Amino acid sequence: VLDPLRTWWGKPITVNSGYRCPELNAAVKGSKTSQHMSGQAADIDTGDRQQNKLLFEHIRKNLPFDQLIDESNFAWVHVSYRADGNNRMQVLKL
Ligand SMILES: [Zn+2]
C-alpha cells in the first residue's frame, strides 16, 4: 500500500507508527489485537488534515487494504494490509 501511495503522492509521507512490539503497543494504548504488532499496519501523516483526507480517498478508491481508518478527523490515517491476501477492505472512522 505504502509504496504505490508514495509514488502517486510524489512527496514525503511520515509514518508515525509502523511495527510495534507488544510492550510499545500497550504503552501507546493500542488495541490488544492491533495489526501494528504483526507489522501489517502503518499510521501515516502528511502534517495536514486536508491532505491526509486526500491520501485516505486515494487508498480507498485505488489500493488494496485490510482496514483503512480515519483517525480523529484525519489527524492521521491508519492503513493495514495482509500479505496472505485476505484483505477485508474495511473503512472506519474513529
Ligand atoms: Zn494505527
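In which sense do S1 and S2 pair, and over how many bridges? Keep that in mind as you open the model, which is a predicted one.

**Stop one: the S1 and S2 pair.** Select S1 and S2 together: the two strands run antiparallel to each other and are joined over three bridges. Now pick Val15 and look across to S2, where Ile44 stands opposite.

**Stop two: the whole sheet.** Add the other strands to your selection. You should have an open sheet of five strands, ordered S1-S2-S4-S3-S5, with mixed pairing. At its edges are S1 (14–17) and S5 (90–93), each of which pairs on one side only. Look along the sheet to see its twist, which averages 25° from one strand to the next.

**Stop three: the helix across the sheet.** Next, show H3. This helix lies across S2, S3 (67–71), S4 and S5, and runs at about 160° to S3.

**Stop four: the core.** In soluble globular proteins, nonpolar side chains tend to be buried together. Here, the largest nonpolar core has 14 residues; select Leu5, Ile13, Ile44, Leu55, Ile59, Leu68 and Val77, the members that touch the most others. At least two core residues come from each of helix H1 (2–9), strand S2 (41–45), helix H3 (49–62) and strand S4 (76–80). The top contributor is H3, with three residues.

**Last stop: Ile59.** Centre the view on Ile59 and show its neighbours. Leaving aside residues up to four places away in sequence, Ile59 touches Val1, Leu5, Ile44, Phe65, Leu68 and Val79. You have met Ile44 already, opposite Val15.

Notes. Residues are numbered from 1 along each chain as its sequence is written. This is a predicted model: local features need pLDDT of at least 70, side-chain atom pairs count only at pLDDT 80 or more; totals for chains, interfaces and linings use all residues. Side-chain values use heavy atoms; hydrogens and water are left out. A nonpolar core is a set of buried Ala, Val, Leu, Ile, Met, Phe, Trp, Tyr and Cys residues joined through side-chain atoms within 4.5 Å. Buried means under 20% relative accessible area, exposed over 50%, partly exposed in between (1.4 Å probe, protein chains only). Helices (H or I, at least four residues) and strands (E, at least two) are DSSP runs, numbered from the N terminus. Contact means heavy atoms within 4.5 Å. Two strands pair if DSSP finds at least two bridges between them. Axes are lines fitted to C-alpha atoms, for helices over the stretch in contact, and angles run from 0 to 180 degrees between N-to-C directions.
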